[in-house]
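Please look through the structure below with attention to how its helices pack together.

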Amino acid sequence: MARGTRHPIRVAPDLVELAVRTWLTAAPAGPIGVACSGGIDSMALAAATIAARGRREVVLVHVDHGLVPGSAAIGQGVAAWAEARGARALVVEVRVARRG
């Protein structure tokens with residue numbers, strides 16, 4: 001890609017928030033849950049939802065499947081991030097049966 005050329009997939013945070021606000025116009029009033037893996041895409045969605053709906057109306061939900069080393073720390077990080085912004089977080093641990 002030529003120097004100074006913008007990546008075609010780059011999305012501005014303002015556009016993400018606009019999309020969330022648009023979607024929320026059809027959502028019922030009250031708290032809304034946001035599934036949050038801790039990855040950059042779900043964190044961007046969480047931030048946009050908090051900005052659009054208000055921190056008291058957002059609950060981040062992280063499911064720790066325990067499939068990767070350090071997965072508990074990811075859930076703790078999601079919870080800390082939410083709490084630092086005044087939102088709630090629910091971290092649910094599940095055990096996945098391994099085959100073999």
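The paragraphs below turn from confidence to the packing of two helices.

This is a predicted model, in which local features need pLDDT of at least 70 and side-chain atom pairs count only at pLDDT 80 or more, while totals for chains, interfaces and linings use all residues. Residues are numbered from 1 along each chain as its sequence is written, and side-chain values use heavy atoms, leaving out hydrogens and water. The average pLDDT (the predictor's confidence in each residue, from 0 to 100) is 87 for the protein, with 88% of the residues scoring at least 70.

Helix 1 (residues 13-24) and helix 2 (residues 40-53), both taken from DSSP runs (H or I, at least four residues), have axes, lines fitted to C-alpha atoms over the stretch in contact, that come within 9 Å and cross at roughly 60°. The two helices are therefore oblique to each other, a word for angles that are not under 35 degrees, over 145 or from 65 to 115.

Where they touch (heavy atoms within 4.5 Å), V16, E17, V20, R21 and L24 in helix 1 meet A44, L45, A48, T49, A51, A52 and R53 in helix 2.

Within helix 1, E17 and R21 also join their side chains in a salt bridge of 2.7 Å, N to O, the term meaning a side-chain nitrogen of Lys or Arg within 4 Å of a carboxyl oxygen of Asp or Glu. Because E17 and R21 are 4 residues apart in helix 1, about one helical turn separates them.

Notes. Axes are lines fitted to C-alpha atoms, for helices over the stretch in contact, and angles run from 0 to 180 degrees between N-to-C directions.
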